[in-house]
Structure formats: structure tokens, C-alpha cells
Amino acid sequence: MNIMAETLVRDEIVCTFGTAADTRVNIRTSDPADSVTGEVVNTVMETAIAQNVLQDTNGNPETDALGAKRMRVTEEVLF
């Protein structure tokens, strides 16, 4: 069997929201534009909270934008 490993690299923005029930929810966006700034991400998060469109798995609405980070994810496909 001829197995060839492959390495995949992608960028993500991970947004962390909190609820009044003290739970956290992470939302990931893959391959964001390089021009996306912290200010833009914060505005989007605050807008989602204000519009009450996000909730945790128990139905608790997201109430706080706790933070966001840009990450570079490397995956190595083994087979």
C-alpha cells in the first residue's frame, strides 16, 4: 500500500460567547480575510448578541462577547 501524508494549513477565527447560565459557546470561522480586525469581530459578536440569534445547547441566549482569537491550524493527514 502506498500511503502519502498530506499537510493542510488553514486560518480560523474563534469567537467565544458567554451566557447568563455561565456556559460558553465557541463559533469558528474558517479562512477569514486577512483584513478582518478585532474591532470588526467584536462588532459582529455584539450584533449577534443584540439580535438574540445565538444560544447554547440548553437554549440559554448568548449574553457576552468574551473574546476572539485568530488561529492557524495545521492538520497532517496520515492516511
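What follows is a walk through the fold, the charges and a few individual residues of a predicted model.

Starting with the overall layout, the protein chain is built from one helix and three strands. Read from the N terminus, these elements come in the order β-β-α-β. The radius of gyration of the protein chain works out at 16 Å, well over the 12 Å that the globule rule gives for 79 residues, so the chain is more spread out than a compact globule. The box filled by the C-alpha atoms, taken along the principal axes, gives another view of this: roughly 55 × 30 × 15 Å.

As for burial, 23% of the 79 residues of the protein chain count as buried. The accessible surface adds up to about 5,900 Å², and carbon and sulfur atoms account for 50% of that. Contacts can also be sorted by how far apart the partners sit in sequence. Taking the contacts in the protein chain between residues at least 6 apart, 62% join residues at least 24 apart.

Next come the charges. The protein chain carries 6 positive and 13 negative side chains. The centres of these two sets lie 4 Å apart. Searching the whole structure turns up four salt bridges, and several of them are worth going through one by one.

Arg10 is a handy place to begin. The Arg10 side chain meets that of Glu75 in a salt bridge, with an N to O distance of 2.2 Å. This pair ties together distant parts of the chain, with Arg10 in strand β1 (residues 6–19) and Glu75 in strand β3 (residues 62–77), 65 residues apart. In terms of exposure, Arg10 is partly exposed, at a relative accessible area of 27%, and Glu75 is also partly exposed, at 32%. Arg10 takes part in another salt bridge as well, this time with Glu12, at 3.0 Å from N to O.

Glu12 in turn meets Arg28, their side chains forming a salt bridge at 2.8 Å, N to O. Here too the pair links distant parts of the chain: Glu12 belongs to strand β1, Arg28 to strand β2 (residues 24–30), and 16 residues separate the two. Put together, Arg10, Glu12, Arg28 and Glu75 are joined into one network by salt bridges that share partners. Within that network, Glu12 has a relative accessibility of just 4%, and since buried means under 20%, Glu12 counts as buried. Arg28, by contrast, is partly exposed, with a relative accessible area of 48%.

On to the backbone, where two residues stand out for their phi angles. Asp31 is not a glycine, yet its phi is positive, at about 50°. Asp31 sits in the loop between β2 and α1, the helix spanning residues 38–50. With a relative accessible area of 54%, Asp31 is exposed. Asn52 tells a similar story on the other side of the helix: Asn52 lies in the loop between α1 and β3. Its phi is positive as well, at about 55°, and Asn52 is not a glycine either. The relative accessible area of Asn52 is 52%, and because exposed means over 50%, Asn52 falls in the exposed class.

Two buried residues round things off, one from the helix and one from a strand. Ala48 has its place in helix α1. At 15% relative accessibility, Ala48 counts as buried. Once neighbours within four places in sequence are set aside, Ala48 is in contact with Val53 and Leu54. The C-alpha atom of Ala48 is separated by 9.4 Å from that of Thr63, a residue 15 places away along the chain.

Thr16 is the strand example, with its place in β1. Thr16 is buried, again with a relative accessible area of 15%. Leaving out residues up to four places away in sequence, Thr16 touches Arg24, Val25, Asn26, Met45, Asp64, Ala65, Leu66 and Gly67. Some of these partners can be placed on the fold: Arg24, Val25 and Asn26 fall within the residue range of strand β2, Met45 within that of helix α1, and Asp64, Ala65, Leu66 and Gly67 within that of strand β3.

Technical notes. Residues are numbered from 1 along each chain as its sequence is written. This is a predicted model: local features need pLDDT of at least 70, side-chain atom pairs count only at pLDDT 80 or more; totals for chains, interfaces and linings use all residues. Side-chain values use heavy atoms; hydrogens and water are left out. Helices (H or I, at least four residues) and strands (E, at least two) are DSSP runs, numbered from the N terminus. The radius of gyration is taken over C-alpha atoms; the globule rule is 2.2 Å times the number of residues to the power 0.38. Buried means under 20% relative accessible area, exposed over 50%, partly exposed in between (1.4 Å probe, protein chains only). Contact means heavy atoms within 4.5 Å. Accessible areas come from the Shrake-Rupley method with a 1.4 Å probe; for residues, only the protein chains shown count as cover. Lys and Arg count as positive and Asp and Glu as negative; His and the chain ends are not counted. The place of a charge is taken as NZ of Lys, CZ of Arg, CG of Asp or CD of Glu.
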